Amino acid sequence: MSKTLKNCSPLLNPIDIGTLQIKNRLAVAAMVTVYCDPDGMATERYIAYHEARAKGGWGLIITEDYAVDPAGRGFWTAGLWKDEQIESHRELTQRVHQHGSKIIAQIYHCGRQTSPDIIGCQPVSASPIPCPAMGCMPRELTIPEIKKIVCQFGDTAYRAKMAGFDGVEVHGAHGYLIAQFMSNYSNKRSDEYGGPLHNRIRFPLEIIADIRRKCGDDFPIIFRMSADEFVPGGRQIEDTKVIAKMLQNAGNAGIDAIHISVGVYGSTSAIIPPLNVPHGWIVHFAEEVKKVVDIPVITVGRINDPHLAENAIASGKADMVAMARGSLADPDLPNKFAAGDCEDIRQCIGCQQGCVQILFRNEPIRCLVNPTCGFEYLQERAKGKTNKSKRVVVVGGGPGGMEAAIAAAEAGHQVSLYEKEEYLGGEFALAPVPPSKGDMAFLLAWQQKQLQKKGVDVHLGTEFTAEMAGKIAPDTIILATGAIPSRPKIPGMDYPHVVFARDVLKGKATIGKAVLVLGGGLIGAETAAYCTEQGVKVGIVEQLSAIALEEDVTRREYLLKLLADRKVDIMTETRIVEIKKTSVVLDKNGEVCEYPADTVIIALGMESYNPLQQALSGKAKVTVIGDAVEPRNALEATREGFLAGVNA
Ligand SMILES: Cc1cc2nc3c(=O)[nH]c(=O)nc-3n(C[C@H](O)[C@H](O)[C@H](O)COP(=O)(O)OP(=O)(O)OC[C@H]3O[C@@H](n4cnc5c(N)ncnc54)[C@H](O)[C@@H]3O)c2cc1C
Ligand SMILES: Cc1cc2nc3c(=O)[nH]c(=O)nc-3n(C[C@H](O)[C@H](O)[C@H](O)COP(=O)(O)O)c2cc1C
Ligand code: SF4
């Protein structure tokens with residue numbers, strides 16, 4: 001397919017933010033990475049991660065939130081709360097600048113959206129009202145304490161300037177301390193910092209004035225705010241527009257750009273929306289703000305495709321587009337877009353598994369579709385082709401096997417991939433089937449294209465055997481044979497109306513009018529959701545106290561809502577006793593009942609499928625990856641596949 005150079009795209013036009021000239025309209029949005037050390041210092045991991053995005057062509061990189069005070073940290077974030085932190089971050093800015101990108105430090109205080117486990121003391125806020133997501137009662141700030149934090153913002157911005165940052169983004173979004181002051185939702189004060197709008201924005205106005213005093217009028221300031229907080233009593237777009245204008249016109253020199261996001265911790269799935277949410281779903285808020293200000297407006301939110309970003313710019317709805325997860329998924333997105341290599345872009349699938357889910361455990365973030373995200377410092381990717389090309393066989397064409405084959409081929413090996421089914425994708429080919437999971441298919445489409453481009457010899461409908469290994473005599477065999485559904489010994493399992501979830505999702509098994517899904521893990525719960533699309537009565541039985549516990553909180557929220565809206569019967573802490581012809585016998589804490597069902601769907605876990613390892617021992621270098629090691633998910637499969645491929 002011929003490629004179209006995108007050099008004339010409005011997305012690639014330069015833009016100024018105050019005195020700062022930026023080469024294109026693509027920004028990396030702020031993301032806590034948990035790559036810094038516990039004292040907020042930049043590590044090589046942190047610097048190499050940003051450097052990869054600078055090399056990849058992003059015009060602007062907005063860093064994770066730098067705490068202005070250790071007590072203002074919501075995670076193990078970077079910090080510039082003391083002079084000793086400047087040096088390590090100076091190396092970051094220098095390395096980013098070498099590649100022509102600009103870098104702005106986001107600065108923040110989390111206020112009540114943290115926990116004593118992280119900061120070692122009681123959180124503070126505008127008012128003593130706990131954040132519903134954190135549940136910890138904050139202490140109301142006194143006026144001298146407010147003045148001190150204002151000063152800390154100015155000092156942090158000054159340190160950012162000393163460290164070589166091109167500006168700061170003041171984090172007034174997502175329900176952190178500044179947002180706590182700006183919103184009636186969290187600010188119930190009756191002094192000059194509470195009540196009417198002009199009082200509630202006194203805190204951010206004083207912060208901007210302090211930054212100006214310490215850093216000068218020409219030091220770019222972006223202000224990030226949530227257009228709509230999506231919580232009862234939270235701020236909505238009309239107040240946001242007024243605030244945006246007031247911040248622009250503040251004092252002698254107001255803010256230089258505004259970055260429009262949404263949500264607070266009480267609506268986390270709006271801040272970082274999962275794949276259930278449409279692409280570009282909040283661009284209209286940027287458009288609204290753009291009507292009342294004349295500084296650049298940045299939009300964000302589920303924009304994972306450069307054409308979507310281009311559209312936001314071309315239609316005049318925003319001046320810049322920030323991508324958070326899109327930049328994790330593909331650090332080279334801008335360069336690939338500019339070169340017209342759009343089909344090579346790895347798109348974020350909104351799975352949340354490598355980024356949000358891991359961040360919420362306060363661990364270093366990763367990415368399901370980009371196995372080197374967060375590992376850039378290890379320089380694992382092959383630099384050019386090897387001169388010791390090996391014959392590599394990959395067994396299994398799921399996400400793990402495909403990633404292994406791509407990485408091995410990229411490293412210069414001769415790669416053959418064997419898949420016993422007539423299609424690629426393995427179990428993950430079923431992941432896009434349940435409602436709202438269509439984006440999952442992006443990964444498989446990308447992998448299949450890359451197999452083709454990298455010249456991998458793909459054998460579909462071919463079960464690889466130990467005998468074949470003898471004939472082909474490969475140097476390396478990567479076993480990515482995945483997992484198969486567990487078949488527990490339940491009386492009645494052999495009835496014809498008992499089917500496996502995977503067969504229902506594949507369309508191989510039809511369902512009746514009353515379906516009971518045995519097992520409420522991810523696969524069971526999502527299969528139940530799928531069945532509701534057919535308008536039938538659906539129940540789920542789960543022995544644990546809740547269902548879909550593997551899902552991250554944001555995806556789970558959407559799934560549970562869908563199941564509730566469609567009136568799915570969820571029976572937790574319930575044991576399966578026996579399957580009968582038209583019912584299933586269940587036991588809830590000793591209370592036995594018969595639940596009517598004309599279709600029983602089994603989703604009671606997976607078992608790794610690895611029948612070849614032993615037989616192949618001694619015939620070649622053998623590496624087992626993905627679910628074949630132990631049933632887990634595609635995040636682990638792609639990472640292990642990649643490592644097996646580069647180290648073939
Ligand atoms: C409905 C559903 C939803 C899911 N949703 C998610 C999700 O949202 N996120 C997530 O991360 N994971 C999800 N998963 C799990 C995910 O699909 C698996 O964890 C992942 O596919 C494992 O990848 P793998 O490459 O290790 O193995 P698999 O994808 O299982 O692939 C193994 C492949 O090996 C082939 N094979 C086996 N033996 C041979 C042989 N001898 N010769 C040739 N071929 C062979 C099989 O046919 C299969 O295609 C979901 C699974 C299902 C069923
Ligand atoms: C892992 C992760 C960490 C984040 N950390 C921050 C942060 O430090 N500051 C911030 O303003 N937003 C943060 N966000 C929100 C993003 O900046 C962005 O607004 C959100 O992810 C939606 O954009 P996207 O769809 O392009 O990912 C974070 C998002 C993710 C995924
Ligand atoms: S882990 Fe999933 S949601 Fe996060 S950036 Fe990667 S693809 Fe996107």
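**Entry 1: ligand 3**

I count a residue as near a molecule if one of its heavy atoms lies within 4 Å of it. The model I consulted is a predicted one. With that cut-off, I looked up the surroundings of ligand 3 and found Arg325, Leu328, Cys348, Ile349, Gly350, Cys351, Gln352, Gly354, Cys355, Cys367 and Leu368. I then sorted this shell by character and noted seven nonpolar residues, three polar ones and one charged one. As to location, I recorded that ligand 3 sits in the second largest cavity.

**Entry 2: Gln352 and Asn362**

Gln352, one of the residues around ligand 3, called for a separate check. I located Gln352 in the loop that runs between α13 (333–338) and α14 (356–359). Is Gln352 buried or exposed? I noted a relative accessibility of 1%, and therefore Gln352 counts as buried, the cut-off for buried being under 20%. I also noted that Gln352 has a positive phi of about 75 degrees, although Gln352 is not a glycine.

Asn362 was my next residue. Asn362 is not a glycine either, and I read a positive phi of about 60 degrees for it. I placed Asn362 in the loop between α14 and β13 (391–395). The relative accessible area of Asn362 is 17%, so I entered Asn362 as buried.

**Entry 3: ligand 2**

How many residues surround ligand 2? I found 20, and the closest are Ala30, Gln106, Arg224, Arg302 and Arg325. Arg325 also appears in my list for ligand 3.

I then looked up polar contacts of ligand 2. An oxygen atom of ligand 2 lies 2.6 Å from a backbone N or O atom of Ala30. For Arg224, I noted a polar side-chain atom 2.6 Å from an oxygen atom of the ligand. For Arg302, the partner is a polar backbone atom, at 2.6 Å from an oxygen atom of ligand 2.

**Entry 4: Ile221**

I turned to strand β9 (residues 221–226), in which Ile221 lies. The relative accessibility of Ile221 is 0%, so I recorded Ile221 as buried. Leaving aside neighbours within four places in sequence, I listed its contacts as Val168, Val170, Ile208, Ile211, Arg212, Ile255, Asp256 and Ala257. I also looked up the separation between Ile221 and Lys388: they are 167 residues apart in sequence and 52 Å apart in space, C-alpha to C-alpha.

**Entry 5: His413**

Lys388 is among the contacts of His413, so far as residues beyond four places in sequence are concerned. The others I listed are Thr386, Ser389, Lys390, Val392, Ala408, Gly645 and Ala648. With Lys390 I noted a polar contact as well: the side chain of His413 reaches the backbone nitrogen of Lys390 at 3.0 Å. Where is His413 found? I located His413 in the loop between α15 (399–410) and β14 (414–418). Because its relative accessibility is 12%, I entered His413 as buried.

**Entry 6: ligand 1**

Last, I looked up ligand 1 and found 42 residues around it. The closest are Gln353, Glu419, Arg555, Asp627 and Ala634. A polar side-chain atom of Glu419 lies 2.6 Å from an oxygen atom of ligand 1. For Lys437, I noted a side-chain N or O atom 2.9 Å from an oxygen atom of the ligand. Ala480 takes part through its backbone: one of its N or O atoms there lies 3.4 Å from an oxygen atom of ligand 1.

Technical notes: Residues are numbered from 1 along each chain as its sequence is written. Chains are lettered from A and ligands numbered from 1 in the order in which they are written. This is a predicted model: local features need pLDDT of at least 70, side-chain atom pairs count only at pLDDT 80 or more; totals for chains, interfaces and linings use all residues. Side-chain values use heavy atoms; hydrogens and water are left out. Helices (H or I, at least four residues) and strands (E, at least two) are DSSP runs, numbered from the N terminus. Buried means under 20% relative accessible area, exposed over 50%, partly exposed in between (1.4 Å probe, protein chains only). A polar contact is a pair of N or O atoms within 3.5 Å; within protein, one must be able to donate a hydrogen and the other to accept it, and residues adjacent in sequence count only if both atoms are side-chain atoms. Contact means heavy atoms within 4.5 Å. On a 1 Å grid over the protein atoms alone, a cavity is a set of points where a 1.4 Å probe fits but cannot get out, and a pocket is an open set with protein on both sides within 12 Å along at least five of seven lines; lining residues have an atom within 4 Å of a point. A molecule sits in a cavity or pocket if more than half of its atoms lie within 2 Å of its grid points. Ala, Val, Leu, Ile, Met, Phe, Trp, Tyr, Cys and Pro count as nonpolar, Asp, Glu, Lys and Arg as charged, and the others, Gly among them, as polar.
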